Amino acid sequence: MNEVINTDHFVSEAVSIIKATIAESNESVFRMSLCGGGTPRPIYEALVNEAIDWENLEITFSDERCVPPDHDDSNYKMAADALLSKVSVKENNIIRIKGELDPVESSLQCEDELRKRSGGSIYVHDLLLLGMGEDGHTASLFPGTNALNESERWVVDNYIPDKDVNRVTFSYPLINASRKILVLATGEKKKKLVNDMINGDESFPISKISPDNGKVIWLLG
Ligand code: 6PG
């Protein structure tokens with residue numbers, strides 16, 4: 001099920017959706033995945049001042065660059081600087097993708113950790129945030145890359161030829177197991193791409209974001 005929200009109040013709308021989703025959850029541990037890039041940063045910064053029971057959240061990351069956690073390109077660093085270092089999320093509840101490791105090893109370690117916490121059945125996020133690129137990528141599922149074809153594993157390494165870099169990313173099976181996905185997209189190009197996709201264009205990686213038993217909110221700013 002899809003919901004498209006066009007808003008002039010992107011950050012506050014995103015914060016409201018995140019807060020409401022946490023508040024309405026009956027789960028003892030609320031599993032939330034953070035996305036990288038630049039779009040979510042002001043949202044994370046705004047969340048710092050919200051009344052959220054951070055002790056009850058388990059935090060994952062939908063992808064990571066293959067850099068150390070203190071590198072300026074690190075999605076973990078961005079989230080830690082903007083949010084995680086300023087709220088009371090338990091350290092043990094932050095499941096970081098270890099960008100400093102070999103990408104295959106990093107993906108295996110992250111998946112193992114998720115499997116431990118889910119008892120082996122699919123790890124279900126209560127809320128998974130995603131950004132998107134103007135080429136229709138999301139997480140590190142870029143057009144024409146191997147990870148798009150992953151149907152079993154939850155976390156995989158992915159070489160991105162256009163950038164000549166490796167990434168570690170959640171796969172479609174893990175992403176689409178989420179109860180709710182909030183896609184954060186700003187700018188006219190992304191807005192047009194989302195509308196093309198909603199109207200049936202399935203050529204983009206993000207077109208395959210379709211939770212089995214969940215909802216996608218497309219927040220367009
Ligand atoms: C990353 C993200 C990526 C990002 C999009 C949008 O590691 O960069 O996972 O999918 O969300 O590229 O990035 P912007 O928000 O900076 O436009």
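**Close-up views of a predicted model**

**View 1. The hairpin of S6 and S7 in this predicted model.** In the hairpin formed by S6 and S7, four residues lie between the strands, and aspartate 164 adopts a positive phi near 50 degrees. The two strands of the hairpin, S6 and S7, run antiparallel and are joined by six bridges. Within this pairing, isoleucine 160 stands opposite valine 165, the latter belonging to S7.

**View 2. The three-stranded sheet, with antiparallel pairing.** The hairpin strands belong to an open sheet of three strands in the order S4-S7-S6, whose edge strands, S4 (63-65) and S6 (155-160), each pair on one side only. Neighbouring strands of this sheet are turned against each other by 25 degrees on average, direction ignored. S4 is joined to strand S7 (residues 165-170) by three bridges, and these two strands run antiparallel; here arginine 65 stands opposite arginine 167 in S7. Helix H4 (residues 103-118) packs on the sheet, where it touches S6 and S7, and the direction of the helix makes about 155 degrees with that of S6.

**View 3. The six-stranded sheet, with parallel pairing.** This second view of a sheet shows six strands that form an open arrangement in the order S1-S9-S8-S5-S2-S3. Its edges are strand S1 (2-6) and strand S3 (57-61), each of which pairs on one side only, and the twist from one strand to the next averages 15 degrees. Helix H1 (residues 10-23) packs on the sheet and touches S1, S2, S3, strand S5 (127-130), strand S8 (180-185) and strand S9 (215-220), with a direction that makes about 170 degrees with that of S8.

**View 4. The pairing of S2 with S3.** Strand S2 (residues 30-34) and S3 run parallel and are joined by five bridges. One of the residues to look for in this view is arginine 31, whose bridge partner in S3 is glutamate 58. As a general point, strands of a sheet pair through backbone hydrogen bonds, either parallel or antiparallel.

**View 5. The residues around the ligand.** The ligand is surrounded by 14 residues, of which Thr39, Asp63, Arg65, His137 and Ala139 come nearest. Sorted by class, this shell contains two nonpolar, eight polar and four charged residues. Arginine 65, one of the nearest residues, is also the residue that stands opposite arginine 167 in S7.

**View 6. Contacts to oxygen atoms of the ligand, from backbone and side chain.** A backbone N or O atom of alanine 139 lies 2.7 Å from an oxygen atom of the ligand, while for glycine 36 a backbone N or O atom lies 3.5 Å from a ligand oxygen atom. Lysine 190 contributes through its side chain, with a polar atom 2.8 Å from an oxygen atom of the ligand. On its own the ligand has 410 Å² of accessible area, and the protein covers 83% of this area.

Methods. Residues are numbered from 1 along each chain as its sequence is written. This is a predicted model: local features need pLDDT of at least 70, side-chain atom pairs count only at pLDDT 80 or more; totals for chains, interfaces and linings use all residues. Side-chain values use heavy atoms; hydrogens and water are left out. Two strands pair if DSSP finds at least two bridges between them. Axes are lines fitted to C-alpha atoms, for helices over the stretch in contact, and angles run from 0 to 180 degrees between N-to-C directions. Contact means heavy atoms within 4.5 Å. A residue is near a molecule or strand if one of its heavy atoms lies within 4 Å of it. A polar contact is a pair of N or O atoms within 3.5 Å; within protein, one must be able to donate a hydrogen and the other to accept it, and residues adjacent in sequence count only if both atoms are side-chain atoms. Accessible areas come from the Shrake-Rupley method with a 1.4 Å probe; for residues, only the protein chains shown count as cover. Ala, Val, Leu, Ile, Met, Phe, Trp, Tyr, Cys and Pro count as nonpolar, Asp, Glu, Lys and Arg as charged, and the others, Gly among them, as polar.
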